[in-house]
Amino acid sequence: MGLWIYNYLTREKERFEPLQEGYVGMYACGPTVYDHAHLGHAKTYVALDVMVRYLRYRDYDVRYVQNITDVGHLLDSGEDRIIRKARLERVEPMEVAATYERSYFEDMDALGVQRPNIAPRASGHIPEQIQIVQTLLEKGYAYETERGDVYFSVEMVDDYGKLSGRDVEDLEAGARVDVREEKRHPADFALWKHADPEHILRWPSPWGWGYPGWHVECTAMATRYLGETFDIHGGGVDNIFPHNECEIAQSEAATGKPFARYWVLTGSLTVDNVKMSKSLGNFVTIKDALETYSPEAIRFFILSSHYRKPVDYSREAMLGAERGVERLHNTVRSLRQRKERVAPSATVDRSEANLLSSYSERFLEAMNDDFNTPRAIAALFDLNRDVNELLNSGKSLGQATLDAIDDVYRELGGDVLGIIPDQLTDEASGELVEGLMEIILGIRQQYRRNKDWQEADALRDRLAELGIVVDDRPEGPIWRLGSGSG
Ligand SMILES: [Zn+2]
């Protein structure tokens with residue numbers, strides 16, 4: 001069975017054929033480490049994680065490189081995000097970067113996102129970036145300004161805009177030109193920026209003291225670790241322009257060769273149908289989400305939509321996801337308990353073996369169709385329904401059969417999707433907690449209707465002691481895990 005991937009570059013589903021047989025070089029734009037990672041990051045990196053896991057499941061040797069941006073990613077105001085945070089927190093810029101890089105990997109570990117093989121930092125690859133800028137200058141694709149900035153000239157390449165579908169003429173009309181910049185064309189982008197002495201993150205270069213533009217780091221690190229041409233480039237679709245576009249233009253101009261062969265871009269995440277932003281106060285960090293929901297539920301929620309589609313995070317969606325994983329976990333739990341009680345057997349019953357292979361096939365077909373995780377999950381649920389029936393049927397099942405069923409869960413639900421842990425705990429299930437909370441809040445509502453305020457408050461306080469916060473809303477009480485109000 002071949003693997004088909006929707007290639008953003010051609011806007012077509014293409015059969016995946018790596019450059020070297022059996023080996024996949026994959027790059028993803030990593031986070032800018034100036035704050036805790038949020039659910040948008042979870043969406044991107046869980047989706048890419050499942051691609052990497054699936055490629056490995058298919059026996060490809062994958063080298064997955066994901067950079068850490070610790071310099072050069074500027075705000076619209078022109079200020080470096082990390083330097084700004086360092087100023088606000090009165091610490092060294094590299095302390096900001098180190099703190100949030102650690103925080104990022106803590107979150108990814110908690111979500112079961114496998115670590116990249118290499119997570120190179122932009123600040124650790126300044127000579128490589130300078131080298132690329134120099135090559136682009138020598139080849140005539142870039143120019144230096146009087147104050148020591150170096151820009152890439154978009155008019156020098158014919159196919160600038162090929163990934164995002166934008167063209168240079170439109171960009172000219174829409175671009176906001178900063179008067180301090182001496183660009184030849186409004187769409188030209190900075191490869192190297194001159195830095196005044198008060199700019200802390202700066203390095204010597206042939207063009208004086210400065211720092212690299214954001215885009216050039218990805219070219220430097222991707223080509224250094226994966227070669228001038230490599231298989232897959234991934235990232236969030238929000239970075240398609242200008243970042244990914246600039247990566248392609250400067251890489252191909254510098255090397256004269258195609259950059260990434262397949263571009264996989266993930267859809268964005270909204271919260272209650274609104275784009276997440278700090279100013280709106282609807283910014284949900286991964287740490288926040290993990291306080292309330294299990295990591296498997298967060299992954300399940302993300303993977304229930306196809307990676308290219310946007311997803312909307314809401315309490316209802318998360319409770320649905322929590323129930324979904326719990327259904328799978330409950331079956332796997334009883335399956336594993338049953339395994340401990342049966343006598344060893346050597347052969348798998350034929351009818352069960354057929355059942356398993358038909359569901360595995362459906363799962364793999366879905367994954368081969370551009371990593372269609374919602375369809376793969378649907379196959380897993382159908383399997384789950386049949387396994388439940390089987391376990392409850394009274395039929396005697398040998399250990400080999402039970403092992404074979406468990407292997408399917410381990411491989412497809414565990415190794416590939418990362419939603420079924422190897423070790424399932426026997427903790428009270430989310431479904432059970434939901435049910436109990438419904439009963440408790442019902443009792444408390446009864447107290448309130450009877451004006452037994454003391455009883456109602458006492459119940460609320462006892463829940464608070466357990467870390468459960470109850471909010472009385474006009475439409476009825478809701479609860480969440482946490483402390484205080486908010
Ligand atoms: Zn990048």
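This short presentation walks through one predicted model, from the whole chain down to single residues.

Good morning, colleagues. Let me begin with the chain as a whole. Please keep in mind throughout that we are looking at a predicted model. The chain has 486 residues, of which 40% are buried. Its secondary structure comprises 15 helices and 15 strands. Along the principal axes, the C-alpha atoms fill a box of roughly 80 × 65 × 35 Å. If we take the contacts between residues at least 6 apart in sequence, 74% of them join residues at least 24 apart.

The domain assignment gives three entries. Domain 1 is made of the segments 19–141 + 154–178 + 215–275, domain 2 covers 329–416, and domain 3 covers 431–481. Between the centres of domain 2 and domain 3, taken over C-alpha atoms, there are 39 Å.

I turn now to the interior. In soluble globular proteins, nonpolar side chains tend to be buried together. Here, the largest nonpolar core contains 117 residues, and those with the most contacts inside it are Val 50, Val 133, Leu 136, Phe 152 and Leu 191. The element that gives the most to this core is helix α1, residues 39–57, with eleven residues. The core also draws at least three residues from each of domain 1 and domain 2.

Which residues does Leu 191 touch, leaving aside those up to four places away in sequence? Three of the other core residues just named are among them: Val 133, Leu 136 and Phe 152. Leu 191 also touches Ala 142, Val 150, Tyr 151, Gly 213, Val 216 and Gln 250.

Next, a sheet. It is an open sheet of four strands, in the order β4-β3-β9-β10, and its pairing is parallel. At the edges stand β4 (61–66) and β10 (260–266), each of which pairs on one side only. On average, neighbouring strands are turned by 20 degrees against each other, direction ignored.

Let us go through this sheet pair by pair. Strand β3, residues 23–28, pairs with β4 in the parallel sense over six bridges. Within this pair, Val 24 has Val 62 of β4 as its bridge partner, and Tyr 27 has Val 65 of β4. The pair β9 and β10 is likewise parallel and is held over six bridges. There, His 233 stands opposite Trp 263 in β10.

Is β3 enclosed or open to the outside? Five of its six residues are buried, so β3 is largely enclosed by the rest of the structure. What about β10, at the edge of the sheet? Six of the seven residues of β10 are buried, so this strand too is largely enclosed by the rest of the structure.

A helix belongs to this picture as well. Helix α6 packs on the sheet, touching β3, β4 and β9 (230–236), and its direction makes about 155 degrees with that of β4. Eleven of the 13 residues of α6 are buried. Among them are Trp 214, His 215, Val 216, Cys 218, Met 221 and Leu 226. Val 216, as mentioned, is also one of the residues that Leu 191 touches.

We can check the length of α6 by simple reasoning. At 1.5 Å a residue, the 13 residues of α6, numbered 214–226, should span 18 Å; the end C-alpha atoms are 19 Å apart, which agrees. After α6 comes Gly 227, whose phi is positive, near 100 degrees.

A second open sheet deserves a brief mention. This one has three strands, in the order β12-β11-β13, with mixed pairing. Its edge strands are β12 (274–275) and β13 (311–313), each pairing on one side only. Strand β11, residues 269–271, runs antiparallel to β12, and two bridges join them. One bridge partner to look for is Lys 275 in β12, which belongs to Thr 270.

Finally, I should like to show one residue in strand β14. Ile 468 lies in this strand, which covers residues 468–473. Is Ile 468 buried, exposed or partly exposed? Within 10 Å there are 18 other C-beta atoms, and a buried residue needs 20 or more. Ile 468 is therefore partly exposed. Twelve residues along the chain from Ile 468 is Arg 480, and the C-alpha atoms of the two are separated by 5.8 Å.

Thank you for your attention.

Definitions and conventions. Residues are numbered from 1 along each chain as its sequence is written. This is a predicted model: local features need pLDDT of at least 70, side-chain atom pairs count only at pLDDT 80 or more; totals for chains, interfaces and linings use all residues. A nonpolar core is a set of buried Ala, Val, Leu, Ile, Met, Phe, Trp, Tyr and Cys residues joined through C-beta atoms within 7 Å. A residue is buried if 20 or more other C-beta atoms lie within 10 Å of its own, exposed if 12 or fewer, and partly exposed in between; C-beta atoms are placed from the backbone. Domain bounds come from an automatic or database domain assignment. Two residues are in contact if their C-beta atoms, placed from the backbone, lie within 7 Å. The expected span of a helix is 1.5 Å times one less than its number of residues. Two strands pair if DSSP finds at least two bridges between them. Axes are lines fitted to C-alpha atoms, for helices over the stretch in contact, and angles run from 0 to 180 degrees between N-to-C directions.
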